[in-house]
Amino acid sequence: MKARFTCADGVEMLMDYLEGTLAPAEREAIESHVAGCPRCVAFIEGYRQTPRILRAATAAALPEDLAQSLRRFIAARR
Amino acid sequence: MAPPAAAEGDEALAARAAAGEESAFEELLARYESRVYRLACRLTGDDGDAKDVLQEAFLAAYRGLPGFRADARFSTWLFRIATNAALMQRRARARRPTESLELFLPRFDEDGRHAAEPAALLAAGRADELLDRKRLAEKARAGLERLPDIYRDAFVLRDLEEMTTADVAELLGIEAAAVRQRVHRARLMLRGYLSDLVGVKP
């Protein structure tokens, strides 16, 4: 590992860190960097929220007419 | 006597549907049509394509039920069919070239430090508070469309459909490590994209 741990290093291993799959030495390195880095704290928060925001925003509801045409489509091919 | 339908497992229903009980198939359809449609929308980005995928997936499931092995999970089996149908559908359609989201990857200064200030870096995580719901829905869809396909597929299946990494790897025919790498990169691009949407440089 490089002498000085940077924000870029933290971003590189962020997913593994959040999922708890980092080796102890790496976890310690990222945690001690983030503890003194408001930029990383803010970045990590945005990164963590991104899947949730996209999940909610793309949760398309099935239109009622489509549910009906699906049943007609299957019935016609039985 | 059979247990009430609400308590019956998918696999038992699938077995009855495979034996020709139409009502059992109807129940499976009712359980999964919304989720399959949502998956199709996320992977194809087009209402018409999503409709086709929905129909093709359930027709393929209907016809494939006799070959469904009862030791597998019905939902995994169905989502595999639906994902493959969506990827085929997308391949058949020439996509308009869009500006890739690569430009929203995080930026660092020469010391490897985040180029943006903390307040700006925080903005992406508040996109759902800062943006009108309808506008965010449109932009989220457009954002998925702008992800390079390999990142989009991994991100949709893993982070939006919440499948396991192992299931996504099997579905896409790639290693688990590659799934993780793609999901991570997609999150980075979309984080920057959300940030840009709320008017802050990523």
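Helices α4(A) and α10(B) are roughly perpendicular to each other, because angles from 65 to 115 degrees count as roughly perpendicular and their axes cross at roughly 85 degrees. Those axes come within 9 Å. This is a predicted model, so every value here is computed from predicted coordinates.

**Where the two helices meet**

Which residues of α4(A) meet α10(B)? They are Gly46(A), Tyr47(A), Thr50(A), Pro51(A), Ile53(A) and Leu54(A). On the other side, α10(B) brings Arg187(B), Leu190(B), Arg191(B), Leu194(B) and Ser195(B). Sorted by class, this contact has six nonpolar, three polar and two charged residues.

**The contact between the chains**

Now take the whole contact of the two chains. Chain A puts in 32 residues, and chain B puts in 40 residues. Three elements of chain A give two or more residues each to the side that touches chain B. They are α1 (7-12), α4 (38-57) and α5 (64-75) of chain A. Which element of chain A gives the largest share? It is α4(A), with 16 residues. The side of chain A that touches chain B has 22 nonpolar, five polar and five charged residues.

**The two chains**

Chain A has five helices and zero strands. From the N terminus on, its elements run α-α-α-α-α. Chain B also lacks strands: its count is ten helices and zero strands. Read from the N terminus, the elements of chain B run α-α-α-α-α-α-α-α-α-α.

The table sets the two chains side by side.

| Chain | Helices and strands | Box of C-alpha atoms along the principal axes |
|---|---|---|
| Chain A | five helices, zero strands | roughly 70 × 25 × 15 Å |
| Chain B | ten helices, zero strands | roughly 70 × 35 × 35 Å |

How does chain A compare with a compact globule, and what is its radius of gyration? A compact globule of 78 residues would have a radius of gyration near 12 Å. Chain A has 22 Å.

**Inside chain B: two domains**

The domain assignment of chain B gives domain 1 (7-92) and domain 2 (101-197). What distance separates their centres? Taken over C-alpha atoms, the centres of domain 1 of chain B and domain 2 of chain B are separated by 27 Å. Their contact takes seven residues from domain 1 of chain B and ten residues from domain 2 of chain B. On the domain 1 side, α2 (22-44) and α4 (74-92) of chain B each supply at least two residues. The residues of that side divide into two nonpolar, three polar and two charged.

**Inside chain B: two helices**

Helix α10 (residues 176-197) of chain B has a contact within its own chain too. The axes of helix α9 (residues 165-172) of chain B and α10(B) come within 8 Å. They cross at roughly 100 degrees. α9(B) and α10(B) are therefore roughly perpendicular to each other. Which residues make this contact? From α9(B) come Thr165(B), Ala166(B), Val168(B), Ala169(B) and Leu172(B). From α10(B) come Ala176(B), Val179(B) and Arg180(B). By class, the residues divide into six nonpolar, one polar and one charged.

**Confidence**

How sure is the predictor? The model scores ipTM 0.93 and pTM 0.92. The mean pLDDT of chain B is 92. In chain B, 94% of the residues reach 70 or more. Where in chain B is confidence lowest, and where is it highest? It is lowest in helix α5 (residues 118-122) of chain B, at a mean of 92. It is highest in helix α8 (residues 149-160) of chain B, at 97. Where pLDDT is low, the predicted coordinates should not be read in detail.

Conventions. Residues numbered from 1 in each chain as written. Chains lettered and ligands numbered in written order. Predicted model: local features only at pLDDT ≥ 70, side-chain atom pairs only at ≥ 80, totals over all residues. Axes fitted to C-alpha atoms, helices over the stretch in contact; angles between N-to-C directions. Helix = DSSP H or I, 4+ residues; strand = E, 2+ residues; numbered from the N terminus. Parallel < 35°, antiparallel > 145°, perpendicular 65-115°, else oblique. Nonpolar A, V, L, I, M, F, W, Y, C, P; charged D, E, K, R; others polar. pLDDT = per-residue confidence, 0-100. Domains from an automatic or database assignment. Rg over C-alpha atoms; globule rule 2.2 N^0.38 Å.
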